[in-house]
Amino acid sequence: MTQPFQTETTLASAEHTSALAVRLGALLRPGDVLLLSGGIGAGKTHFARALIQSLLAEPEDVPSPTFTLVQEYDTTAGPLWHADLYRLSDPLEVVELGLEEAFSEAICLVEWPDRLADLTPPGTLSLELTPEGAGDTRLLRVSGSGAWGERLSGVLA
């Protein structure tokens, strides 16, 4: 069994956040689940938008799924689901959305992953964004299995 992977880095601007999202997006494949956490305004949707847009064959609007709960995309890497679970009050609502099935068949970006509770799949990559100081500087804490550590080698530099 591989050791857990954990690191942190500072993203000095919105552009740096987007660039990291693009680099990470290039590594993703169906079955990958990214858990995006942080408070309101931490940059979760900005990160997700940049990642999704980098995988689209044709540019399109990438709205926040705050009210729709889930947005689905056909990407060059396979199907991608972007979920915002902020408005959910019960983990069983995740099942109703079809998210459990998507975890194995699609790339999944999940904002407010604490709402998953026991439904969090194994092997996820957690990304926690925290605003630092003035402007768009963010502290990014990344954690996952050792396999993620190997896959991300060089991406977080």
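**A seven-stranded mixed sheet and its helices**

Strand E2 (residues 33–37) runs parallel to strand E5 (residues 107–111), and four bridges hook the two together; Val33 sits across from Cys108 of E5 in this pairing. Helices (H or I, at least four residues) and strands (E, at least two) are DSSP runs here, numbered from the N terminus, and two strands count as paired if DSSP finds at least two bridges between them. The model is a predicted one, with local features needing pLDDT of at least 70 and side-chain atom pairs counting only at pLDDT 80 or more, while totals for chains, interfaces and linings use all residues. Residues are numbered from 1 along each chain as its sequence is written, and side-chain values use heavy atoms, with hydrogens and water left out.

Zooming out, E2 and E5 belong to an open sheet of seven strands with mixed pairing, ordered E1-E7-E6-E2-E5-E4-E3. Strand E1 (5–11) and strand E3 (70–75) are at the edges, each pairing on one side only. On average, neighbouring strands are turned by 15 degrees against each other, direction ignored. Axes are lines fitted to C-alpha atoms, for helices over the stretch in contact, and angles between N-to-C directions run from 0 to 180 degrees.

Helix H1 (residues 14–25) packs on this sheet, touching E1, E2, strand E6 (125–131) and strand E7 (138–144), and its direction makes about 145 degrees with that of E1; contact means heavy atoms within 4.5 Å. Helix H2 (residues 44–55) also packs on the sheet, where it touches E2, E3, strand E4 (78–84), E5 and E6, at about 165 degrees to the direction of E5.

The buried residues of H1 (under 20% relative accessible area with a 1.4 Å probe, protein chains only; exposed is over 50%, partly exposed in between) are Ala14, Thr17, Ser18, Leu20, Ala21, Leu24 and Gly25. Seen down the helix axis, they fall within an arc of 160 degrees, so they line one face of H1; the arc is that of the directions from the axis to the C-beta atoms. Their packing partners are E1, E2, H2, E6 and E7.

As for E7, five of its seven residues are buried, so this strand is largely enclosed by the rest of the structure. Seven bridges join E7 to E1 in an antiparallel arrangement, with Leu139 of E7 as the bridge partner of Thr10. E7 also pairs antiparallel with E6, over six bridges, and here Glu128 stands opposite Arg141 of E7. The hairpin of E6 and E7 has six residues between the strands, and in it Gly133 takes a positive phi near 65 degrees.
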